[in-house]
Amino acid sequence: MSEYEINSLDTRIWQEELDDFVPQKVFDAHVHIYRWAFDLDPSKATGPFANGIGAMFPEVTWEIADEVDAALMPDREIERLSFPFPFPNPCDFDGSNSYVAQETSKGAGKSRSLMLVNPGMNAAQVEAAARRHGHIGFKPYRWYADDPVDGRLTDFMPEHQIAVADKLGLAIMMHLSKRDAIADPANVEDMLRLSDKYPNAKWILAHCARSYSAWAIEASAAKLRGLPNVWYDTSTVCDSDALDALYTGVGVDRVMYGSDDMIGPMRGKYITFGRAWTALSPTNHSMSLAHCDPRMTFIRYEQLRAMKRGGRQIGLTAAHRQALFYDTARALVDSIPVPLPQ
Ligand SMILES: [Zn+2]
């Protein structure tokens with residue numbers, strides 16, 4: 001039985017709550033295309049990803065991504081911005097980057113890829129690899145910094161790589177670091193400084209700028225609003241308050257749907273409390289649920305519910321939904337010239 005086999009709970013939520021919300025054409029701005037084999041950690045079988053993507057989605061081809069979308073959002077046309085899974089070092093960066101380019105090329109010319117970078121790569125290396133594979137940007141990750149929790153943005157996305165993105169007009173998919181994420185003044189200061197200094201680089205702040213509940217983006221939205229080269233994706237954020245704070249704070253025209261697949265088709269929900277957030281899954285809790293239907297649906301469906309209900313305050317229109325699910329990402333991607341070999 002495939003992990004994302006649809007059950008009666010999923011069908012009910014899709015039909016009653018989501019089918020009329022998700023438009024016909026969808027551009028998914030946040031998709032991981034990878035092989036588990038690119039994680040070179042010899043002890044990965046007992047590591048944090050083994051029971052998740054390691055067990056459930058060890059090899060994500062373009063066809064598997066299509067299959068998952070067809071199961072979870074039937075009859076939608078899907079285009080993607082895809083990039084490798086950032087396995088902690090040791091990770092096969094070259095293998096990851098050529099694989100994602102090869103798979104994304106199956107997307108009929110409508111989808112694009114980003115390359116996984118680490119701060120040890122010099123400018124010439126990242127430019128050459130982007131040109132070789134036609135990657136339209138970079139996917140850095142915080143655990144390639146010396147301090148993966150409190151490291152500063154430039155510790156894992158060094159300025160020499162941002163300068164390459166600026167020179168070629170490329171995207172940077174940024175999963176922010178620090179316990180307070182976008183509420184941390186250092187992150188805001190870095191985004192203000194770097195988006196101004198490198199105006200041609202196009203930043204996508206993943207997971208609502210890593211604001212899984214409202215407080216983080218509430219603290220910083222007014223400072224970020226109006227930056228012409230900064231966008232946000234909604235991937236795996238399941239709190240409608242967070243979406244409301246994002247839509248109203250930075251403007252719904254800067255926000256794009258992303259699935260974070262293959263996280264989206266896992267069952268559970270990203271939950272928040274205090275100033276914390278984490279993934280709740282069927283196997284990591286001991287709650288007693290005998291009084292109700294105890295099943296969990298897909299993280300993707302919880303996220304879509306939040307995207308829908310978070311739009312009540314702004315009165316999300318059909319035009320907003322079209323922009324959120326397709327037009328904004330399509331226009332952003334179309335504004336980036338595919339780097340060519342020299
Ligand atoms: Zn992701």
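**A walk from a buried aspartate to the zinc site**

Let's start with Asp190, which counts as buried because its relative accessibility is 3%, under the 20% mark used for that word. Keep in mind as you look around that this is a predicted model. Asp190 has a partner: Arg152 makes a salt bridge with it, and the closest N and O atoms are 3.0 Å apart. Asp190 belongs to helix α8 (residues 185-197), while Arg152 sits in the loop between β5 (137-139) and α6 (153-156), so this pair ties together parts that are 38 residues apart in sequence. Arg152 itself is partly exposed, since its relative accessible area is 29%. As a general point, side chains of opposite charge can pair when their charged atoms come close.

That pair has company, as the salt bridges in this model number 25. Take Arg330 and Asp334, whose side chains meet in a salt bridge at 2.8 Å, N to O. Both residues are in helix α13, four residues apart, or about one turn of the helix. How do the two fare for exposure, buried or exposed? Arg330 counts as buried at 11% relative accessibility, whereas Asp334 is exposed, with a relative accessible area of 52%.

Another pair to look up is Arg295 and Asp293, joined by a salt bridge whose closest N and O atoms are 2.8 Å apart. Here Arg295 is partly exposed at 37% relative accessibility, and Asp293 is partly exposed too, at 41%. Charged residues also link up in a bigger group: Asp66, Asp69, Arg80, Asp261 and Arg300 form a network of salt bridges.

Now back to helix α13, because it leads us to a sheet: the helix, residues 318-334, packs on that sheet and touches β1, β2 and β3. The direction of α13 makes about 65° with that of β1. The sheet is an open one of three strands, ordered β1-β2-β3 and paired in parallel. At its edges stand β1 (25-32) and β3 (112-113); each has a single partner strand, so one side of each is left without a neighbour in the sheet. In general, strands of a sheet pair through backbone hydrogen bonds, either parallel or antiparallel. To see one pairing up close, follow β1 alongside β2 (residues 77-83): six bridges join these parallel strands. Along the way you'll find Val26 standing opposite Ile78 in β2.

Next stop, the zinc ion. Which protein residues hold out donor atoms to the zinc ion? They are His30 and His32, each through NE2, and Asp260 through OD, at 2.0 to 2.1 Å from the ion. Written along the sequence, the donor spacing is H-x1-H-x227-D. Both His30 and His32 are buried.

Finally, head over to helix α11 (residues 240-250), where you'll meet Ser240. Ser240 is partly exposed, because its relative accessible area is 28%. Which residues does Ser240 contact, leaving aside neighbours within four places in sequence? Those residues are Ala306, Arg309 and Gly310. For a sense of distance, try Gly134: Ser240 is 106 residues from Gly134 along the chain, and their C-alpha atoms are separated by 36 Å.

Terms used:
Residues are numbered from 1 along each chain as its sequence is written. This is a predicted model: local features need pLDDT of at least 70, side-chain atom pairs count only at pLDDT 80 or more; totals for chains, interfaces and linings use all residues. Side-chain values use heavy atoms; hydrogens and water are left out. Helices (H or I, at least four residues) and strands (E, at least two) are DSSP runs, numbered from the N terminus. Buried means under 20% relative accessible area, exposed over 50%, partly exposed in between (1.4 Å probe, protein chains only). Contact means heavy atoms within 4.5 Å. Two strands pair if DSSP finds at least two bridges between them. Axes are lines fitted to C-alpha atoms, for helices over the stretch in contact, and angles run from 0 to 180 degrees between N-to-C directions. Donors are N, O and S atoms within 2.8 Å of the metal (3.2 Å for Na, K and Ca); water is not among the atoms, so sites may look incomplete. A salt bridge is a side-chain nitrogen of Lys or Arg within 4 Å of a carboxyl oxygen of Asp or Glu.
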